[in-house]
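Welcome! Please take a moment with the sequence and the model, and then let us walk through them together.

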Amino acid sequence: MATITWRGNSGSWASALSWQSFAVPGAGDLAVFGSLDTSTATLDALAFAGGVDVLAGSQATMLLESVLILGGTCLLAGGTLALAPGGVIEGGTVDLAGGDRKSTRLNSSH
């Protein structure tokens, strides 16, 4: 399992530029958000990860607007897991050891 670390700038999970290794995590990879991170990672398209670690002290937000297929554990020792309409984690487990989970409502103009 490769460890792939978020760069610390808000952006799309699906963009290779958002990750330090310039590679988007795959089904066998561990996605990591650092302890000093304050950015938002927006998962706006189907994604895969072997696991996710949001380190203690992190204020990062994982905004799920689509499906994350998880092979292992999503450990939130810090940060926030925000579930927008359509945001789902399939498989794996979520451990809110020190993080937070919230549901969001997206406003739209009609």
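Which residues does S66 touch, not counting residues up to four places away in sequence? They are L43, D44, A45, L46, G86, G87 and V88, where contact means heavy atoms within 4.5 Å. S66 is found in the loop between β7 and β8; strands here are DSSP runs (E, at least two residues), numbered from the N terminus.

A few words on how to read all this. The model is predicted, so local features need pLDDT of at least 70 and side-chain atom pairs count only at pLDDT 80 or more, while totals for chains, interfaces and linings use all residues. Residues are numbered from 1 along each chain as its sequence is written, and side-chain values use heavy atoms, with hydrogens and water left out.

**Three loop residues**

S66 makes a good start for looking at accessibility. Buried means under 20% relative accessible area, exposed means over 50%, and partly exposed lies in between (1.4 Å probe, protein chains only). The table sets three loop residues side by side.

| Residue | Loop | Relative accessible area | Class |
|---|---|---|---|
| S66 | between β7 and β8 | 16% | buried |
| F22 | between β2 and β3 | 47% | partly exposed |
| T38 | between β3 and β4 | 58% | exposed |

F22 has a further feature to look for: its phi is positive, about 60°, although F22 is not a glycine. T38, leaving aside neighbours within four places in sequence, is in contact with Q59 and A60. The C-alpha atoms of T38 and D53 are 14 Å apart, with these positions 15 residues apart along the chain.

**Two sheets**

Now to the strands, which count as paired if DSSP finds at least two bridges between them. Five of them form an open, parallel sheet in the order β1-β3-β6-β9-β12. β1 (3–5) and β12 (93–95) each have a single partner strand, so one side of each is left without a neighbour in the sheet. Neighbouring strands here are turned by 15° against each other on average, direction ignored; the axes behind this angle are lines fitted to C-alpha atoms, and angles run from 0 to 180 degrees between N-to-C directions. Within this sheet, β3 and β6 run parallel and are joined by four bridges, and L30 stands opposite G51 in β6.

Another open sheet has five strands in the order β2-β4-β7-β10-β13, again with parallel pairing. Its edges are β2 and β13 (100–103), each with a single partner strand, so one side of each has no neighbour in the sheet. Try following A41 across it: G11 stands opposite A41 in β4, and the bridge partner of A41 in β7 is M62. β2 and β4 pair over two bridges, whereas β4 and β7 pair over four. Four bridges also join β10 (residues 80–83) to β13, where L83 stands opposite S103.

**The nonpolar core**

Which residues touch the most other members of the largest nonpolar core? Of its 20 residues, these are W13, W19, F33, V52, M62 and L68. Such a core is a set of buried Ala, Val, Leu, Ile, Met, Phe, Trp, Tyr and Cys residues joined through side-chain atoms within 4.5 Å. The elements that give two or more residues to this core are β3 (30–33), β4 (40–43), β5 (47–49), β6 (51–54), β7 (61–64), β8 (67–70) and β9 (73–76). V52 offers a good view of the surroundings: beyond neighbours within four places in sequence, V52 is in contact with W13, L30, A31, F33, M62, L68, L70, T73, C74 and L75.
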